[in-house]
Amino acid sequence: MITVIAFVVALGLLIAVHEYGHYRVAVACGVKVLRFSIGFGRPLLRWTRKDSPTEFVLCALPLGGYVRMLDEREAPVPPAERHLAFNTQPLRSRVAIVAAGPLANLLLAVALYSVVNWTGVEEPVPVLAAPVAGSIAQQAGLVGGEWVSEAASGDDEPTPVVSFEDLRWRLTQAALSGQDMRLAVARAEGAPAREVTLPLGGLQVKDADASLFQRIGIVAPWTEPVVGEVMPDGAAAAAGLQAGDRVLRVDGKALSDGAMLRQYIRAGVDSQGVSREQVWDIVRGGQPQRLQVSPRAERSGEGWIGRIGAMVGSAPAMTVVRHGPVDGVVKGVQRTWEVSWLTLKMMGRMVIGEASLRNISGPLTIADYAGKSASMGVTAYLIFLALISVSLGVLNLLPLPVLDGGHLMYYLWEGLTGRSVSDIWLERLQRGGVAVLLALMCVALFNDITRLVG
């Protein structure tokens, strides 16, 4: 139920803000708005205000919305009201009205990110777990336990890293931009730092997914190598492991943190899915013990990994990232710009085949993330809303004829040539735009089903 409620609230808010942008600017430009609708299909609620000619409607299917304005292209307009019609407005007014919807979504994202920055969000401290074996991070000399104080990509000046999530975001941007990343790392916070360069420029990244961080080698913050909750029927319970056990060595190899322990567990089966017995040296209640643990094979993609049926690794150390009134807004604008630019770059790379179409998400995935973020708390849900609001704003600015960006493309043509697009070309472009949009929706639904089934 929380997934449905969170999804409906998210859609309703984002659509309402988008359409309100069109509505508010249309009214400011002197255009008569006939209907403001949230959703499609059968009206559930409708009302009007005494001081407004607009009918406000809430419909049964909250998968979109529209603002219907007086327009000679849609219905006859009385001569006395012709100056109130959308199509009779100067070009600058029509551009402003059309662009106002996507810009309203981007402004909403700024506001949401600002609220999160003001209230603060708890995130892991920027201390690195042991890098993945053979990864870029390991080859660069990282061993785990390093505190990252500053980072910079390309030729940028280094800036402070406030949390592990901040570092992950920067790594994602650098990898997708094909830039190397420079890190200032130390053995403890405030200790003398050394510079480490991660050569991310040659990764040729297609997807910003878990495999990207496996290749980079930075997948999690540092945690202690302890056993958490043990499932009753798992390999950990069968071996006699208990919650709170601290693991010192696996097969005689010393452990530095929980990430290294997870790597050993995953490697506890061979390529055929056959389990291999491991010797664990642990400390329980201050007393050393030695146990025989046999991870159980589990299919992962085209191969096998080991699982023990227990939580592995302690909770990471956390810090509250909070910004002041002005800095919070500045950071909100910056994050909205970064997400917008990253979204545009990913779309462009998908168009030319450099990124996978699996990055396209549909309503099922959005609903799933809405429910998960809502269950994690208000802050996580606000971040989710901001991300979706940016995506909606950027998507609507694309030059597809059925979207706001398509209309802006028409107006650009009108501004350059002094004449509007002909009706014949409008019809052709609209049909082409609908076909492209339907194709994208099919891809998104296919990706949704694949993710949920997988």
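**Figure 1. Confidence and overall make-up of the predicted model.** In this predicted model, confidence is lowest in helix H12 (residues 423-453), where the mean pLDDT is 79, and highest in helix H2 (residues 91-119), where the mean is 96. Across the protein the pLDDT averages 88, and 97% of the residues score at least 70. The protein is built from 12 helices and 16 strands, and its C-alpha trace spans about 90 × 45 × 40 Å along the principal axes. Of the 454 residues, 42% are buried. Among contacts with a separation of 6 or more, 64% join residues that are 24 or more positions apart.

**Figure 2. Packing of helices H2 and H8.** The axes of H2 and H8 lie 8 Å apart and make an angle of about 130°; because this value falls outside the ranges for roughly parallel, roughly perpendicular and roughly antiparallel pairs, with the last beginning over 145 degrees, the two helices are oblique to each other. The crossing of H2 and H8 is right-handed. On the H2 side, the residues that take part are Leu106, Ala109, Val110, Tyr113, Ser114, Asn117 and Trp118. These meet a set of residues in H8 that includes Pro325, Gly328, Val329, Gly332, Val333, Thr336, Val339 and Ser340, and also the charged residues Lys331 and Arg335.

**Figure 3. Ser389 and Asn105, two buried residues in contact.** Ser389 lies in helix H10 (residues 378-396), whereas Asn105 is found in helix H2. Ser389 counts as buried because its relative accessibility is 0%, and Asn105, with a relative accessible area of 0%, is buried as well. Leaving aside residues up to four places away in sequence, Ser389 touches Asn105 together with Leu14, Leu108 and Ala109. With sequence neighbours within four places again set aside, Asn105 is in contact with Ser389 and also with Leu14, Val17, His18, Leu392 and Gly393. Leu14 thus appears in the contact lists of both Ser389 and Asn105.

**Figure 4. The largest nonpolar core and a second, separate one.** The largest nonpolar core has 29 residues, and those with the most contacts inside it are Leu112, Tyr381, Phe384, Leu385 and Val390. Two or more residues of this core come from each of helix H1 (2-28), H2, helix H4 (164-177), helix H8 (325-351), helix H9 (363-376) and H10, and H10 gives the most, with 8 residues. In soluble globular proteins, nonpolar side chains tend to be buried together. A closer view of Phe384 shows that, beyond the residues up to four places away in sequence, Phe384 touches Ala10, Ile366, Tyr369, Ala370 and Ser373. A second core, separate from the largest, has 23 residues, among them Val185, Leu200, Phe213 and Ile216.

**Figure 5. Asp251 in the loop between strands E9 and E10.** Asp251 is placed in the loop between strand E9 (246-250) and strand E10 (253-254). The phi angle of Asp251 is near 55°, a positive value in a residue other than glycine. With a relative accessibility of 35%, Asp251 counts as partly exposed, because this value lies between the 20% under which a residue is buried and the 50% over which a residue is exposed.

Note on methods: Residues are numbered from 1 along each chain as its sequence is written. This is a predicted model: local features need pLDDT of at least 70, side-chain atom pairs count only at pLDDT 80 or more; totals for chains, interfaces and linings use all residues. Side-chain values use heavy atoms; hydrogens and water are left out. pLDDT is the predictor's confidence in each residue, from 0 to 100. Helices (H or I, at least four residues) and strands (E, at least two) are DSSP runs, numbered from the N terminus. Buried means under 20% relative accessible area, exposed over 50%, partly exposed in between (1.4 Å probe, protein chains only). Contact means heavy atoms within 4.5 Å. A nonpolar core is a set of buried Ala, Val, Leu, Ile, Met, Phe, Trp, Tyr and Cys residues joined through side-chain atoms within 4.5 Å. Axes are lines fitted to C-alpha atoms, for helices over the stretch in contact, and angles run from 0 to 180 degrees between N-to-C directions. Angles under 35 degrees count as roughly parallel, over 145 as roughly antiparallel, 65 to 115 as roughly perpendicular and the rest as oblique. A crossing is left-handed if the near helix is turned anticlockwise from the far one by less than a right angle, and right-handed if clockwise.
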